[in-house]
Amino acid sequence: MAGSASEYIQHHLQNLTYGKLPAGYERADGTILQETQWTMAHNATEASDMGFMALHVDSLGWSVALGVIFLFLFRLAAKRATSGQPGGLQNFVEVMVEFVDQSVKETFHGKNKVIAPLALTIFCWIFLMNLMDLVPVDFLPQLFHLMGLEYMKVVPTTDVNVTLGMSLSVFALIIFYSLKVKGIGGFMGELTLHPFSSDNLFLKILLVPVNFLLEGVSLIAKPISLALRLFGNLYAGELIFILIALLPFWAQWALSVPWAIFHILVITLQAFIFMMLTIVYLSMAHEDSH
């Protein structure tokens, strides 16, 4: 494990990375690879040298595991659902479903059976991923270190690749439904005839490049802002927990408990914001401009 404060912080911010290293590459332990090899990175330099195709195994693993937990709990509640005296799990699931359903009814103005389940999945999945930030920063990394894994980041939403992956999925849905509802002509008209328009045909044509630039930037900014907002808030929260862990034991409890209580609000709010913006963006995609 890491020694100095700087090494400790860098260690906790490093993902468990799997990728390809070229033949002739000198590894951290001095080994020179005789041929191209897919392997786990031994340090941050190796992870960086693996390039774009490298996989953050910890982020992917925890994302999938938490998604499975979400599906398992909700399926269990659905199978055990009763109309008489509901249990605690059923009450919780019903509250979550009603909360999301009400949010969709108030915000989404189109007709689409996918939106409510999508919103529920986004909120619960992101909340569970954010919730991992409340696990003591050394507990799981130390546990996996004993199992032979040097690095282990357990909060998927502190990895910009994860948040960007989710936001790009939402962006793909925005484009899909924009084309489906408005058609290619309507969608292109939305991008080229707004916000500036004119009754004069020549001026209208002249304004097309300006409108396309402004609307194009606005469209592309949606997934980027979604990803970076979630990543930035959770990354900052994780970093504060790591800094607190560097303090003497008595100071850790004095600071970590209040911060953890406050952070419960942050992780819930960030899941809610991501969900609501997704609903708003998809509602805008369903608004027919004709």
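Let's start with two helices: the axes of α8 and helix α9 (residues 249–285) come within 10 Å and cross at roughly 175°. Axes here are lines fitted to C-alpha atoms, for helices over the stretch in contact, and angles run from 0 to 180 degrees between N-to-C directions. The two helices α8 and α9 are therefore roughly antiparallel to each other. For such labels, angles under 35 degrees count as roughly parallel, over 145 as roughly antiparallel, 65 to 115 as roughly perpendicular and the rest as oblique. Where α8 meets α9, the contact residues divide into 16 nonpolar, eight polar and two charged. In this sorting, Ala, Val, Leu, Ile, Met, Phe, Trp, Tyr, Cys and Pro count as nonpolar, Asp, Glu, Lys and Arg as charged, and the others, Gly among them, as polar.

Before going on, a word about the model. It is predicted, so local features need pLDDT of at least 70 and side-chain atom pairs count only at pLDDT 80 or more, while totals for chains, interfaces and linings use all residues. Residues are numbered from 1 along each chain as its sequence is written, and side-chain values use heavy atoms, with hydrogens and water left out.

**The whole chain**

The chain has nine helices and three strands. Both kinds of element are DSSP runs numbered from the N terminus: helices are H or I with at least four residues, and strands are E with at least two. Following the sequence, you would read the pattern α-β-β-α-β-α-α-α-α-α-α-α. Taken along the principal axes, the C-alpha atoms fill a box of roughly 70 × 65 × 35 Å. Of the 290 residues in the chain, 39% are buried. Buried means under 20% relative accessible area, exposed means over 50%, and partly exposed lies in between (1.4 Å probe, protein chains only).

**Salt bridges**

How many salt bridges does the count come to? The count is four, where a salt bridge is a side-chain nitrogen of Lys or Arg within 4 Å of a carboxyl oxygen of Asp or Glu. Let's look at some of them.

Glu46 and Arg27 join their side chains in a salt bridge, with 2.7 Å from N to O. Glu46 lies in helix α2 (residues 44–49) and Arg27 in the loop between β1 (17–21) and β2 (37–40), so this pair ties together parts that are 19 residues apart in sequence. Glu46 is buried at 1% relative accessible area, and Arg27 also counts as buried at 8%.

Another salt bridge links Lys105 and Asp101, at 3.2 Å from N to O. Both residues sit in helix α4 (residues 88–107), four residues apart, about one turn of the helix. Lys105 is exposed, with 58% relative accessibility, whereas Asp101 is partly exposed, with 29%.

Lys182 pairs with Glu190, and their closest N and O atoms are 2.6 Å apart. Is Lys182 buried or exposed? Lys182 is buried, at 3% relative accessibility, while Glu190 is partly exposed, at 24%.

**A nonpolar patch**

On the surface, Val160, Leu164, Leu168, Ile220, Ile224 and Leu228 make a nonpolar patch of about 470 Å². The elements giving two or more residues to this patch are α7 (160–192) and α8 (201–245). Patch residues have over 30% relative accessible area and no salt bridge; like charges are joined within 9 Å, and nonpolar side chains (Val, Leu, Ile, Met, Phe, Trp, Tyr) within 5 Å. The accessible areas come from the Shrake-Rupley method with a 1.4 Å probe, and for residues only the protein chains shown count as cover.

**Four residues and their surroundings**

Finally, here are some single residues, each with a partner elsewhere in the sequence.

| Residue | Relative accessible area | Partner | Separation in sequence | C-alpha distance |
|---|---|---|---|---|
| Phe52 | 80% | Gly19 | 33 residues | 8.9 Å |
| Trp125 | 26% | Asn233 | 108 residues | 16 Å |
| Thr268 | 28% | Gln142 | 126 residues | 27 Å |
| Phe272 | 29% | Phe176 | 96 residues | 23 Å |

Phe52 is placed in the loop between α2 and β3 (55–56) and is exposed. Trp125 belongs to helix α5 (residues 115–131) and is partly exposed. Helix α9, from the opening of this report, holds Thr268 and Phe272. Thr268 is partly exposed, and Phe272 counts as partly exposed too.
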